[in-house]
Amino acid sequence: MNTRFLLLAAAMTAAGVLQAQNPVIRDQFSADPTARVFDGKVYIYPSHDIPSPVDRLKEWFCMADYHVFSSTSLTDWTDHGVILTQNEVPWVQPDSYSMWAPDCVCKDGKYYLYFPSTPKGEGRRGFNIGVAVADHPEGPFTPETEPIAGIFGIDPCVLIDTDGEAYIYWSGRGMSVARLKPTMTELASEPVPVQGLPDGFKEGPYVFKRKDKYYFTFPWVQDKTETLAYAMGDSPMGPFTFQGVIMDESPVGCWTNHHSITEYNGQWYLFYHHNDYSPQFDKNRSVRIDSLSFNADGTIRKVRPTLRGVGVTPARNRIQVDRYTAISPYGVTIDYLNPANPFDGWQALFLRADTWLVYNSVDFGAIPVKRLKARVRSEKGGEIILRTTGDKGVILSRLLIEPTEQWTDLDTDILHAPSGVQNLRVESVGQAPVAIDWLCFE
Ligand code: FUB
């Protein structure tokens with residue numbers, strides 16, 4: 001490893017850089033992601049789920065503060081730390097642990113963080129929505145002393161239209177919308193119900209504009225758990241016309257879904273959540289990202305949730321092949337490395353010969369790689385072939401795995417060094433089970 005690489009690695013660690021496919025935030029729970037582009041970077045403002053320190057919330061949502069994360073690659077996320085915490089907000093009931101789904105927008109150089117929480121004081125119940133203001137997207141944010149008058153609900157979303165007018169949407173007994181005053185901290189109109197949405201439980205509104213159309217998107221219980229759905233309209237206040245589902249309900253795991261939709265460098269992305277790191281308790285969730293696209297008529301194509309997520313993985317990073325793009329229909333399973341601590345990550349288990357997975361978009365750059373490193377385990381020994389996909393796919397390396405019960409770091413020759421961005425196919429050719437934690441080229 002050369003000195004430049006070591007310095008870069010040290011700088012990344014100091015800044016709290018997280019490397020990721022899905023989920024993208026890998027050292028804490030994160031949910032309800034609102035993604036915004038400020039100054040050429042994507043910022044995620046999520047809820048911060050925690051296991052509850054108080055008995056009354058042991059089986060419910062529990063959030064004490066907000067972090068913000070930023071990225072230009074969408075794979076490496078910098079955690080800027082805590083930007084607002086419950087007990088520094090004058091109107092929030094202390095230790096109510098109800099800092100639910102936030103949003104953040106920029107107007108005239110100021111950043112406005114909108115967040116729901118439980119108000120303190122006699123006769124105050126349910127949720128209000130407050131604002132905290134900053135000069136930078138990563139704060140520090142200073143909370144207003146009182147919540148926004150006239151709003152009772154959760155899941156704020158603010159749209160600043162192309163003419164500069166701002167609108168706030170929220171959920172709670174249906175979906176509501178009102179204009180915001182130029183101060184961004186007060187309503188300029190009476191709240192009105194959003195028209196044109198289907199029956200059934202709805203929350204988490206996220207509204208954006210594309211080519212003069214307004215997209216009102218929302219989690220919606222069509223059957224058992226939340227799908228992500230949308231309606232379109234010609235005005236930010238509606239009425240909207242229901243269009244359908246963007247993401248189906250998850251077959252396992254998480255009752256909620258909550259999202260935002262953002263364009264970055266010409267590509268649209270869906271930010272959403274799933275309980276990847278908390279399989280037994282779906283109130284501890286994690287943010288994911290997948291690509292999103294539109295049909296020619298402006299309708300949204302359905303998004304299939306993936307583990308691979310988005311972005312290009314440098315070949316010299318650890319490639320977590322368990323975050324696959326495609327997998328053989330039988331004989332490969334994905335398991336936690338350590339079920340007692342899901343944050344340790346996952347492994348891919350090839351149960352027998354002729355099983356495979358594909359991991360897309362690995363960047364080999366222009367300088368040929370010389371070695372393949374891998375962390376593997378196989379009690380009876382095995383063999384893995386690594387190749388690029390497609391007509392011109394070639395074998396890059398063969399990993400011969402000696403029988404052992406321990407995880408082993410292998411270091412093997414490269415047979416062929418590709419350049420540029422390639423899709424990798426990892427194939428087991430031995431009869432006995434083989435586990436792979438990660439691969440990495442040097
Ligand atoms: O995170 C708490 C709540 O769960 C949000 O407000 C809802 O949208 C759901 O995601």
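These legends accompany close-up views of a predicted model.

**View 1. Eleven named residues surround the ligand: D32, F61, M63, W100, I154, D155, E203, T256, H258, H273 and R285.**
By class, this shell holds four nonpolar, three polar and four charged residues. Find D155 in the view. One of its polar side-chain atoms sits 2.5 Å from a ligand oxygen atom. Next, look at H258. An N or O atom in the H258 side chain is 2.7 Å from an oxygen atom of the ligand. Then turn to R285. A polar atom of the R285 side chain also lies 2.7 Å from a ligand oxygen atom. How much of the ligand's accessible area does the protein cover? On its own, the ligand has 280 Å² of accessible area, and the protein covers 99% of it.

**View 2. Four strands form an open sheet in the order β6-β7-β8-β9.**
The pairing in this sheet is antiparallel. In general, strands of a sheet pair through backbone hydrogen bonds, either parallel or antiparallel. Which strands lie at the edges? They are β6, residues 103-107, and β9, residues 142-143. Each edge strand pairs on one side only.

**View 3. Strands β7 and β8 pair in the antiparallel sense.**
Strand β7 spans residues 110-117, and strand β8 spans residues 128-134. Seven bridges link the two strands. Pick out Y112 and look across to β8. Which residue is its bridge partner there? The partner of Y112 is V133.

**View 4. The whole structure contains zero disulfides.**
Two cysteines show this up close. C62 is in no disulfide. The nearest cysteine sulfur to C62 belongs to C254 and is 16 Å away. A disulfide needs two cysteine sulfur atoms within 2.5 Å, so a pair 16 Å apart does not count. Is C62 buried or exposed? C62 is buried, with a relative accessible area of 0%. C106 is in no disulfide either. For C106, the nearest cysteine sulfur is that of C104, at 7.9 Å. C106 is partly exposed, with a relative accessible area of 29%.

**View 5. K181 sits in the loop between β12 and β13.**
Strand β12 covers residues 175-180, and strand β13 covers residues 192-193. K181 is partly exposed, at 34% relative accessible area. Now locate T225. K181 and T225 are 44 residues apart along the chain. How far apart are their C-alpha atoms? The separation is 36 Å.

**View 6. P403 belongs to the loop between β28 and β29.**
The flanking strands are β28, residues 395-401, and β29, residues 404-413. P403 has 48% relative accessibility. Residues count as exposed only over 50%, so P403 is classed as partly exposed. Compare its place with that of T306. The two residues are 97 apart along the chain, and 32 Å separates their C-alpha atoms.

**View 7. R323 lies in the loop between β21 and β22.**
Strand β21 is residues 313-314, and strand β22 is residues 326-327. R323 has 1% relative accessibility. The limit for buried is under 20%, so R323 counts as buried. What does the R323 side chain reach? The R323 side chain reaches the backbone oxygen of N22, at 2.9 Å.

Definitions and conventions: Residues are numbered from 1 along each chain as its sequence is written. This is a predicted model: local features need pLDDT of at least 70, side-chain atom pairs count only at pLDDT 80 or more; totals for chains, interfaces and linings use all residues. Side-chain values use heavy atoms; hydrogens and water are left out. A residue is near a molecule or strand if one of its heavy atoms lies within 4 Å of it. A polar contact is a pair of N or O atoms within 3.5 Å; within protein, one must be able to donate a hydrogen and the other to accept it, and residues adjacent in sequence count only if both atoms are side-chain atoms. Accessible areas come from the Shrake-Rupley method with a 1.4 Å probe; for residues, only the protein chains shown count as cover. Ala, Val, Leu, Ile, Met, Phe, Trp, Tyr, Cys and Pro count as nonpolar, Asp, Glu, Lys and Arg as charged, and the others, Gly among them, as polar. Two strands pair if DSSP finds at least two bridges between them. Buried means under 20% relative accessible area, exposed over 50%, partly exposed in between (1.4 Å probe, protein chains only).
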